[in-house]
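Student: I would like to learn how to read the features of a structure like this one. Could we go through them step by step?

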Amino acid sequence: MAGSAHGHTPAAWTGVIISFIGFCIAGVFMVAANVPGFWAGIAVVLLGGVVGGAMKVAGLGMPKESADVAAAREAASTTARAHS
């Protein structure tokens, strides 16, 4: 995964940070036995997914690779396995 830079984009970071904050909010209100606060935290978690998705659509996510790039990656992978 690390070789593909999976998730290292502004869209991914923003979505995860917002979702983490929502998770913390929900956790605090769950311990405090406050049902509306818990569901507000869950709403923030879902908001993180929506914001991350919207940012990806706006061009701040990983760009889709072209067929040429995919073919070059496969050729390099095959060559590397052949030399191992």
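Tutor: Gladly, and let us start with exposure: buried means under 20% relative accessible area, exposed means over 50%, and partly exposed lies in between, with a 1.4 Å probe and protein chains only. With 66% relative accessibility, A33 therefore counts as exposed. A word on sources: this is a predicted model, in which local features need pLDDT of at least 70 and side-chain atom pairs count only at pLDDT 80 or more, while totals for chains, interfaces and linings use all residues. Residues are numbered from 1 along each chain as its sequence is written, and side-chain values use heavy atoms, leaving out hydrogens and water.

Student: Where does A33 lie, and what is its phi?

Tutor: A33 lies in the loop between α1 and α2. Its phi is positive, about 55°, although A33 is not a glycine.

Student: How many helices and strands does the protein chain have?

Tutor: Helices (H or I, at least four residues) and strands (E, at least two) are DSSP runs, numbered from the N terminus. The protein chain has three helices and zero strands. Buried residues make up 14% of its 84 residues.

Student: How should I read a pair of helices?

Tutor: Two packed helices are described by the angle between their axes and the distance between the axes. Axes are lines fitted to C-alpha atoms, for helices over the stretch in contact, and angles run from 0 to 180 degrees between N-to-C directions. Here, helix α1 (residues 10–31) and helix α2 (residues 35–60) have axes that come within 7 Å and cross at roughly 175°. That makes α1 roughly antiparallel to α2, a term for angles over 145 degrees (under 35 is roughly parallel, 65 to 115 roughly perpendicular, the rest oblique).

Student: Which residue of helix α1 could I look at?

Tutor: Try F23, which is in helix α1. The C-alpha atoms of F23 and V45 are separated by 6.2 Å, with the two residues 22 apart along the chain. At 58% relative accessibility, F23 counts as exposed.

Student: How many aromatic pairs are there?

Tutor: Rings of Phe, Tyr and Trp (its six-membered ring) pair if their centres lie within 6.5 Å; planes under 30 degrees apart are stacked, over 60 edge-to-face, and the rest tilted. By this rule there is one aromatic pair. F38 and W39 form it edge-to-face, 5.1 Å centre to centre with 75° between the planes. F38 counts as partly exposed at 21% relative accessibility, whereas W39 counts as exposed at 53%.
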